[in-house]
Amino acid sequence: MKHGKPHIERVVETAKDPGAAARSRLAASWRRSFDHHGLDPGRCEGVQRVSDTEFAERRERAENIRRIASPKLDHLYQLVGSSGCGVLLTDVDGVVLDVRVSDADRSVFDAWGLAPGSDWSEASEGTNGIGTCIADNRRVIIHRDQHFHARNTNMSCIDAPVFGPEGNLIGALDVSSARADQTEAINRLIAAQVAHTARQIETDCFRAAFSDARIIVADDDDTDQAMLLAVDRDDLVIGATRGARVSFGLGTAGPVRAVPASDLIGRDDGPTGFEKAERATVIRALSRSGGNVSQAARDLGVGRATLYRRMKRLGIGE
């Protein structure tokens with residue numbers, strides 16, 4: 001891209017070049033904004049807002065995520081607010097639900113359209129942190145003249161998607177700034193914290209949705225996504241976060257197919273099938289009884305001698 005050209009001309013030229021869209025995600029977003037959504041990068045009108053009635057309805061539908069996310073937004077704002085940044089949470093359509101910004105900066109953020117009820121979807125605002133994060137289902141940094149609209153080129157926007165308990169996208173977490181000295185290096189540092197906070201929100205939403213299940217954390221050093229499985233009393237997986245779904249091949253969204261947790265995260269050696277399940281049952285009973293075989297046998301509904309025979313067959317020491 002030739003940065004010497006005026007922003008509007010450069011965006012239009014790039015958006016009309018199908019080869020550019022194939023080479024760059026940013027160019028692909030500019031092309032969507034120009035060609036698919038029919039937007040003009042030189043549009044001067046401000047950011048569109050939903051009606052008060054619609055906004056109230058959206059906040060009510062998102063009450064659960066807003067309640068869970070609120071302390072996380074506060075903490076993130078404590079980390080970035082002193083540098084003139086604001087923290088925003090949107091719904092899946094890119095409509096801003098909650099904002100954390102200093103009183104001194106609030107009027108500026110309102111003027112930019114970074115306020116509750118504002119629509120930052122790509123269909124409305126073209127390439128921007130919130131809208132492009134949602135459109136691409138991925139973390140993004142849209143720095144200054146990477147924005148589609150020329151009027152947004154003083155902003156830096158750092159975003160991460162937030163996925164719901166069934167793996168579906170439910171919103172975006174955004175940190176925005178218009179500081180003249182905000183560098184791309186600073187953006188990358190902020191982006192790591194934004195991604196971490198989005199993962200915390202996702203994790204807490206998942207735990208709340210499966211409060212009666214056992215939660216297994218499947219750490220993976222190769223991903224920054226939440227990796228949690230919800231398991232019922234029969235050790236069947238009944239829920240999984242987006243990251244776990246992708247990692248274990250459970251589908252990206254919707255109800256998960258019931259599968260034994262041991263099939264996903266268990267070892268391949270040792271007992272298998274019913275023998276493995278029986279061994280786990282006996283070990284749990286012994287653990288609950290503090291190693292008292294007689295009590296464990298009563299809990300399992302079998303005789304003490306029977307339990308001893310099973311323990312010997314399963315290789316379980318008294």
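The exchange below concerns a predicted model and discusses its sheet, two of its residues and one helix.

Me: In what order do the strands of the sheet come?
Reply: The open sheet has five strands in the order β2-β1-β5-β4-β3, and their pairing is antiparallel.

Me: Which are the edge strands?
Reply: They are β2 (96-100) and β3 (140-143), each of which pairs on one side only. From one strand to the next, the twist averages 20°.

Me: How many bridges join β1 to β2?
Reply: Four bridges join β2 to strand β1, which spans residues 86-91, and the two run antiparallel. As for individual residues, Val87 has Arg100 in β2 as its bridge partner.

Me: What lies across β1 and β2?
Reply: Helix α4, residues 52-61, lies across both strands and runs at about 80° to β2.

Me: Turning to Thr90, is that residue buried or exposed?
Reply: Thr90, which is found in strand β1, counts as buried because its relative accessibility is 0%, and the cut-off for buried is under 20%.

Me: Which residues is Thr90 in contact with?
Reply: Leaving aside neighbours within four places in sequence, Thr90 is in contact with Val95, Val96, Leu97, Ile130, Ile134, Ile170, Gly171 and Ala172.

Me: Where is Tyr77, and what does Tyr77 touch?
Reply: Tyr77 is in helix α5, residues 63-80. Not counting residues up to four places away in sequence, Tyr77 touches Cys85, Val87, Arg100, Val101 and Ser102. Val87 and Arg100 are also the bridge partners mentioned above.

Me: What separates Tyr77 from Ala115?
Reply: Their C-alpha atoms are separated by 15 Å, and the two residues are 38 residues apart along the chain.

Me: A change of topic: which residues of helix α3 are buried?
Reply: In α3, residues 25-36, the buried residues are Leu26, Ala27, Ser29, Trp30 and Ser33. They cover an arc of only 160° around the axis, so they are on the same side of α3.

Me: Why would residues three or four places apart point the same way?
Reply: An α-helix has 3.6 residues a turn, so residues with that spacing point the same way.

Me: What is on the other side of α3, and what covers the buried residues?
Reply: Arg25, Asp35 and His36 are exposed on the other side of α3. The cover over the buried residues includes α1 (7-15), α2 (18-23), α7 (122-125), α8 (129-136) and β3.

Me: What caps the N-terminal end of α3, and which residue follows α3?
Reply: Ser24 caps the N-terminal end, with a side-chain oxygen 3.2 Å from the backbone nitrogen of Leu26. Gly38 follows α3 and has a positive phi, near 65°.

Key
Residues are numbered from 1 along each chain as its sequence is written. This is a predicted model: local features need pLDDT of at least 70, side-chain atom pairs count only at pLDDT 80 or more; totals for chains, interfaces and linings use all residues. Side-chain values use heavy atoms; hydrogens and water are left out. Two strands pair if DSSP finds at least two bridges between them. Axes are lines fitted to C-alpha atoms, for helices over the stretch in contact, and angles run from 0 to 180 degrees between N-to-C directions. Contact means heavy atoms within 4.5 Å. Buried means under 20% relative accessible area, exposed over 50%, partly exposed in between (1.4 Å probe, protein chains only). The arc is that of the directions from the helix axis to the C-beta atoms. A polar contact is a pair of N or O atoms within 3.5 Å; within protein, one must be able to donate a hydrogen and the other to accept it, and residues adjacent in sequence count only if both atoms are side-chain atoms.
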